[in-house]
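Thanks for coming. I have one structure to go through today, and I will take the overall fold before the single residues.

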Amino acid sequence: MLTIAATQTDAAGNIGDDTQLIELNRSVYGISIDDDLMEDDVVNALEQTAALLTGTFEANQPFTLRITDVAGATELLNLAADENGIWSTTQDLSEFSDGPLTLFAAGTDSLGNDVDTQSTIQKETQLPAPTIDSPDRKSTRLNSSHLKYL
């Protein structure tokens, strides 16, 4: 508790004073996006239709989560943390371009403090093209000596 006291004297010499007690709450509830989403922060072809995004915020408080890809495509989600302060959402990210996806979460806690955070995950759904190297750099022919048995 804090005590705020004020005293004022006017031109006629009248004195007025007042005292107020206020409670100081130093808690600011941060908002977070978990590290290692999908265990490696990479959304692959199998995960893209049901990507699990998770984090924390003040219990039962609403917030927005914005997902943006490198091409500028954006999705805005209205979410809320549960009674334990944990939030999660499963999203279809298949419409987003491959490359970095920016996750931006922002909300206002119950004390009126604006909080936000940002994280980046990678979307990689295209497999790289295979390359074949000649086992013998002098020749492009294969013979039985080039074959390996498992």
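The secondary structure of this protein chain comes to 0 helices and 10 strands. Read from the N terminus, the elements run β-β-β-β-β-β-β-β-β-β. Please keep in mind that this is a predicted model.

Some totals for the chain. There are 150 residues, and 26% of them count as buried. The chain exposes about 10,700 Å², with carbon and sulfur atoms supplying 49% of that area. If we take the contacts between residues at least 6 apart in sequence, 55% of them join residues at least 24 apart.

Now the sheets. One of them is an open sheet of 3 strands, in the order β3-β5-β8, and its pairing is antiparallel. At the edges are β3 and β8, the latter covering residues 86-91, and each of these pairs on one side only. Strand β5, residues 51-56, is joined to β8 by 6 bridges, and the two run antiparallel. To place that on the sequence: Thr56 has Ile86 in β8 as its bridge partner.

Staying in strand β8, look at Gln91, which lies in that strand. Is Gln91 buried or exposed? Its relative accessibility is 11%, so Gln91 counts as buried, the cut-off for buried being under 20%. The side chain of Gln91 has a polar contact of 2.6 Å with the side chain of Thr89. What else does Gln91 touch, leaving aside its neighbours within four places in sequence? The contacts are Gln48, Thr49, Ala50, Ala51, Leu53, Ile67, Glu75 and Leu77.

Next, the open sheet of 5 strands. Its order is β4-β10-β9-β6-β7, and the pairing is mixed. Here the edge strands are β4 and β7, with β7 covering 74-80, and each pairs on one side only. Within this sheet, β6, residues 62-68, is joined to β7 by 7 bridges, and these two strands run antiparallel. Two pairs give the register: Leu65 stands opposite Leu77 in β7, and Phe63 has Leu79 in β7 as its bridge partner. β6 and β7 form a hairpin with 5 residues between them. In that turn, Gly72 has a positive phi of about 95 degrees.

Leu77 has now come up twice, as the residue opposite Leu65 and as one of the contacts of Gln91.

On to the loops, and the one between β2 and β3 to start with. That loop holds Ile31. Although in a loop, Ile31 is buried, because its relative accessible area is 9% and buried means under 20%. How far is Ile31 from Phe57, in sequence and in space? The two are 26 residues apart in sequence, and their C-alpha atoms are 4.5 Å apart. Phe57 is also on the contact list of Ile31, once neighbours within four places in sequence are left aside. The rest of that list is Thr56, Phe63, Ala105, Ala106, Val115, Asp116 and Thr117. Two of those names you have heard already: Thr56, the bridge partner of Ile86, and Phe63, the bridge partner of Leu79.

The loop between β3, residues 32-33, and β4, residues 42-43, contains Asp36. Glu39 is found in that loop as well. What stands out in the backbone at Asp36? Asp36 has a positive phi of about 60 degrees, although it is not a glycine. Glu39 is not a glycine either, and its phi is positive too, at about 70 degrees. The reason for mentioning this is that most residues other than glycine have a negative phi. As for accessibility, Asp36 is at 49% and therefore counts as partly exposed. Glu39 is at 75%, so Glu39 counts as exposed. The cut-off for exposed is over 50%.

Last, the surface. Which residues make the nonpolar patch of about 240 Å²? The patch is made by Leu2, Ile4 and Ile22. Ile22 belongs to strand β2, which covers residues 15-22. With a relative accessibility of 39%, Ile22 counts as partly exposed.

To recap: 10 strands and 0 helices, an open antiparallel sheet of 3 strands, and an open sheet of 5 strands with mixed pairing. The residues I would ask you to find on the screen include Gln91, buried in its strand, and Ile31, buried in its loop.

Terms used
Residues are numbered from 1 along each chain as its sequence is written. This is a predicted model: local features need pLDDT of at least 70, side-chain atom pairs count only at pLDDT 80 or more; totals for chains, interfaces and linings use all residues. Side-chain values use heavy atoms; hydrogens and water are left out. Patches are made of residues with over 30% relative accessible area and no salt bridge: like charges are joined within 9 Å, nonpolar side chains (Val, Leu, Ile, Met, Phe, Trp, Tyr) within 5 Å. Accessible areas come from the Shrake-Rupley method with a 1.4 Å probe; for residues, only the protein chains shown count as cover. A salt bridge is a side-chain nitrogen of Lys or Arg within 4 Å of a carboxyl oxygen of Asp or Glu. Helices (H or I, at least four residues) and strands (E, at least two) are DSSP runs, numbered from the N terminus. Buried means under 20% relative accessible area, exposed over 50%, partly exposed in between (1.4 Å probe, protein chains only). Contact means heavy atoms within 4.5 Å. Two strands pair if DSSP finds at least two bridges between them. A polar contact is a pair of N or O atoms within 3.5 Å; within protein, one must be able to donate a hydrogen and the other to accept it, and residues adjacent in sequence count only if both atoms are side-chain atoms.
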